[in-house]
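Please look over the sequence and the model below, and then follow the text as it moves from one part of the chain to another.

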Amino acid sequence: MSLTNCRFYEDKYPEVDSFVMVNVKQIAEMGAYVKLLEYDNIDGMILLSELSRRRIRSIQKLIRIGRNEVVIVLRYIDLSKRRVSPEDVIKCEERYNKSKAVHSIMRHVAEATQTPLETLYENIGWPLNQKYGHAHDAFKISITNPNVWDEITFPSDAVKSELQQYISSKLTPHPTKVRADIEVTCFGYDGIDAVKDALRTAEADNTPENQIKVRLVAPPLYVLASQCLDKTLGVKLLEAAIVKIEERIKANGGSCTVKMAPKAVTEHDDAILQELMEKRERENTQVSGDEDSESDEGVPE
């Protein structure tokens, strides 16, 4: 058995009518020669007539050497591209990306513990595929629920330890930063207090798991920020916070305008924001200070 080569799945060959990911190796008059990436690179062929539903004017526009393609299995190594729908492509790509990630983890463990790759699949990967639908899903679950391993027979303690540590380092989700920029104004007699009161509603329901922070850029511009493992949840939290701010400030005769809707942001976005805040701070220090002015360390007290 090889330390590094093995098919992704228990079946040695794909079933007829199943969708597989292939890599194009050669284009000939009859069609394209390919390698089945999920089945240890066994050979396959897409006949010219199976490349497209439309009339072929240029084969190079349909398929290129080195590119991955989703195809359907007709017979043993006969494959078709033209019978694959866009929906089939999405599903196959999702499965392939999961399988490729699992394969990378398994190869690492095989090399680190000098255990044949197929042995790891036979004892770990393929049983998890059967029980959880895909080993990748089982790996992610195992980070918080070690019971995943209860029915798995590891080839050695070294394999178990290496696999669990590597999964934890590779698949543990990282928090996503989400941000929204808003302008909050109120020109009434108690306008400053009304703005403070409205902004505090964004932080009123904070929990240890889900927290929103309000930062002042320069009146009337404020930033709402949060970090969440689930980007969608983070966006919804900020959207709900903006609704609360709008309701409170409008009740006091003010207004709230969304300058940037809630979205996931990158380190580059954060750097730009920090530069803007530092610029505003320098501008403020160049004029006479105001003891009652608002601070940029969150919602003013």
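## From the surface to the core

Arg53 counts as exposed because its relative accessibility is 64%, a value over the 50% that the word "exposed" requires. The structure in front of you is a predicted model, and in this model Arg53 lies in the loop between strand S3 (42–47) and helix H1 (59–62). When neighbours within four places in sequence are left aside, Arg53 is in contact with Arg82 and Arg83. Val235 lies 182 residues from Arg53 along the chain, and the C-alpha atoms of these two residues are separated by 42 Å.

Ser99, a residue of helix H2, offers a contrast to look at next. With a relative accessibility of 3%, Ser99 counts as buried, since that word applies under 20%. If residues up to four places away in sequence are not counted, Ser99 touches Phe8, Tyr9 and His134.

Which residues touch the most other members of the largest nonpolar core? This core has 48 residues, and those that touch the most other members are Ile124, Leu128, Phe139, Trp149 and Leu163. At least two residues of the core are supplied by each of strand S1 (19–27), strand S2 (31–36), strand S4 (68–75), helix H2 (86–113), helix H3 (117–132), helix H4 (135–142) and helix H5 (157–171). The largest share, 7 residues, comes from H2. As a general background, nonpolar side chains in soluble globular proteins tend to be buried together.

Further along the chain, we come to a pair of helices. The axes of helix H6 (residues 191–203) and helix H7 (residues 231–251) come within 8 Å and cross at roughly 155 degrees. Because angles over 145 degrees count as roughly antiparallel, H6 and H7 are roughly antiparallel to each other, and their crossing is right-handed. On the H6 side, the residues that meet H7 are Ala194, Val195, Asp197, Ala198, Leu199, Thr201 and Ala202, while H7 brings Ala241, Lys244, Ile245, Arg248 and Ile249 to the contact. Sorted by character, the residues of this contact divide into 8 nonpolar, 1 polar and 3 charged.

It remains to ask which residues of H6 are buried. They are Gly191, Ala194, Val195, Lys196, Ala198, Leu199, Thr201 and Ala202. The buried residues of H6 pack against H7 and also against strand S6 (176–185), strand S7 (212–218) and strand S8 (221–228).

Methods. Residues numbered from 1 in each chain as written. Predicted model: local features only at pLDDT ≥ 70, side-chain atom pairs only at ≥ 80, totals over all residues. Heavy atoms only, no water. Axes fitted to C-alpha atoms, helices over the stretch in contact; angles between N-to-C directions. Helix = DSSP H or I, 4+ residues; strand = E, 2+ residues; numbered from the N terminus. Parallel < 35°, antiparallel > 145°, perpendicular 65-115°, else oblique. Left-handed = near helix turned anticlockwise from the far one by under 90°. Contact = heavy atoms within 4.5 Å. Nonpolar A, V, L, I, M, F, W, Y, C, P; charged D, E, K, R; others polar. Core = buried A, V, L, I, M, F, W, Y, C linked by side-chain atoms within 4.5 Å. Buried < 20%, exposed > 50% of the residue type's maximum accessible area, 1.4 Å probe, protein only.
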